[in-house]
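Got the viewer open and a selection box ready? Let's walk through this one stop by stop, picking something to highlight each time.

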Amino acid sequence: MKVIILGSGRMGIRHAQGIIDMPQLTHLCMVDKFEQGLQNAREALKNNSGFANTTFLTLTDFISSDQTFDIAILAATSQNRLDNCRLLMEKGVKHLLVEKPLGQSMKEVQELVQFFENNKQVKAYVNLNMRLYDSFIRLKNDLHTLPQFAGQKTITVNTGTIGIGANGIHYLDLLYFLFDADESVIKASEIDAQLVPSARGTEFTDFGGWAMIDFYKNKEKLGNVFLSISARSTVFGGWDIVGPHGRITLNEIQQKRIDILRKADSTMPINRYAADYQDPIEQKIESPFLGELTRIWLDNLQQGKELLPQLKESIKVHELMFNWLSASKTHKDLFPIT
């Protein structure tokens, strides 16, 4: 198995750290347009056993190379996604993992999706990987099986400058996943005029704001979400999930989940709030190393299992994000996120 990672910044290195020692990997190639990026990757990977099978190429040298690869990971910035995908296809790639977001506008996303619809010999996936966390898989199962959560649910997420483009899209996809929804509607929203600077360069920026969103499946309302991603706070906030007879809070920093549930056999009416509730139950939640998720995805792909959504499956979550961003008073249609 030969793998190419285009983009050797922080995300590219994380992907490489996750897969470099896989026994199935015969060749890993790191590509970047900047030599300093390649040097950083060499330094980060030099102690891995798979380093001997790893090469490092500038983008110019990669373009002129006649090497071919089986699988590609596109970890470069969101600019020029389509051109980069064309380049990787020319190198024989049959499976391609693209970092989110797929573009800086909904138009770019649709063009990229259509490109792969027209080239079905290559399968492309988007790295919306929070749905691979064991803690969120368990949470989804609990929300759909615990009797205290049967019915509509209200989810509140209140956090700081994690960025709607950088991390908010992960949250939006996770909400679709937790609800098992097929549709969402923004009832009200705002984008803050204060922009969030990007660590990837001055040509990029991100956004903060809030949105009230309803989620549906087969036209049946599943619940609503109040999502606030501030542009003015360094707080990394938490989640609060309220069902008919239960509440679950998540603190990702402290890695804690707390369930507060009414007794399943309670006969108290709905207006008897807080009645028949049991003692809180605390569980540990873990945020896995992101490179490990890449290894899990790639290992399962070798077995014919697709754990991450194909590009066309992510259209609804991109539409939700760009519909939210469209409330901006400073940007329209094109948003310099990455």
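How much space lies in the largest cavity? About 50 Å³. Keep in mind as you click around that this is a predicted model.

**Stop 1: the cavity**

That cavity is the one the structure holds at 30 Å³ or more. To find it, select Tyr133, Ser135, Phe136, Glu252, Gln255, Ile285, Glu286 and Ser287, which line it. Colour them by class and you'll get three nonpolar, three polar and two charged residues. Keep Gln255 in mind, as it turns up again at a hairpin.

**Stop 2: the six-stranded sheet**

Now switch to cartoon and pick out the strands E3-E2-E1-E4-E5-E6, given here in their order across an open sheet with parallel pairing. At the edges stand E3 (54-58) and E6 (123-126); each has a single partner strand, so one side of each is left without a neighbour in the sheet. Look along the sheet for its twist: neighbouring strands are turned by 20° against each other on average, direction ignored.

Zoom in on the E6 edge. E5 and E6 pair in the parallel sense over four bridges, and one pair to label is Leu96 with its bridge partner in E6, Ala124.

Next, add the helices that lie across this sheet. H4 (81-90) crosses E1, E4 and E5, running at about 160° to E4. H8 (290-302) lies across E1, E4, E5 and E6, and its angle to E4 is about 155°.

**Stop 3: helix H1**

Select residues 10-19, which is helix H1. Is this helix largely enclosed or open? Seven of its 10 residues are buried, so the rest of the structure largely encloses it. The buried ones are Met11, Gly12, Ile13, His15, Ala16, Gly18 and Ile19.

What covers the buried residues of H1? Show strands E1 (2-6), E2 (27-32), E4 (71-74) and E5 (95-98), together with helices H2 (35-45) and H8, and you'll have elements that are among the cover. You've just met those four strands in the six-stranded sheet.

**Stop 4: the largest pocket**

Stay with H1 and turn on a surface. The largest pocket has a volume of about 1400 Å³. Its lining runs to 49 residues; those nearest the centre are Arg10, Met11, Lys100, Arg200 and Thr338, so centre your view on them. Elements that give two or more residues to the lining are H1, E2, H4, H7 and strand E9 (196-197).

Which of the elements gives the most to this lining? Helix H7 does, with four residues. By class, the lining divides into 20 nonpolar, 17 polar and 12 charged residues.

**Stop 5: the eight-stranded sheet**

Follow H7, residues 164-179, out of the pocket: the helix packs on another sheet, touching E7 (153-159), E8, E11 (209-217), E12 (220-229) and E13. The direction of H7 makes about 160° with that of E12.

The sheet under H7 is open, and its eight strands come in the order E8-E11-E12-E7-E13-E14-E15-E16, with mixed pairing. Its edge strands are E8 (183-191) and E16 (281-284), each pairing on one side only. From one strand to the next, the twist averages 15°. Then show helix H9, residues 315-325: this helix lies across E8, E11 and E12, running at about 25° to E8.

**Stop 6: E14 and its two hairpins**

Last stop: isolate E13 (238-243) and E14 (246-251), which run antiparallel and are joined by five bridges. A hairpin through two residues connects them. Label Asp240 and you'll find its bridge partner in E14, Thr249.

On the other side, six bridges join E14 to the antiparallel strand E15 (256-261). Here Leu250 stands opposite Arg257. This hairpin has four residues between the strands, and Gln255 takes a positive phi near 55°. That's the Gln255 you selected in the cavity lining at the start.

Finally, show the side chains of E14. In a regular strand the side chains alternate between the two faces of the sheet. Which residues of E14 are on the covered face? Gly246, Ile248 and Leu250 are, while Arg247, Thr249 and Asn251 make up the uncovered face.

Key. Residues numbered from 1 in each chain as written. Predicted model: local features only at pLDDT ≥ 70, side-chain atom pairs only at ≥ 80, totals over all residues. Heavy atoms only, no water. 1 Å grid on protein atoms, 1.4 Å probe; cavity = no way out; pocket = protein on both sides within 12 Å on 5 of 7 lines; lining within 4 Å. Points joined across faces, edges and corners; volume = space filled by probe spheres on them. Nonpolar A, V, L, I, M, F, W, Y, C, P; charged D, E, K, R; others polar. Buried < 20%, exposed > 50% of the residue type's maximum accessible area, 1.4 Å probe, protein only. Contact = heavy atoms within 4.5 Å. Pairing = 2+ DSSP bridges. Axes fitted to C-alpha atoms, helices over the stretch in contact; angles between N-to-C directions.
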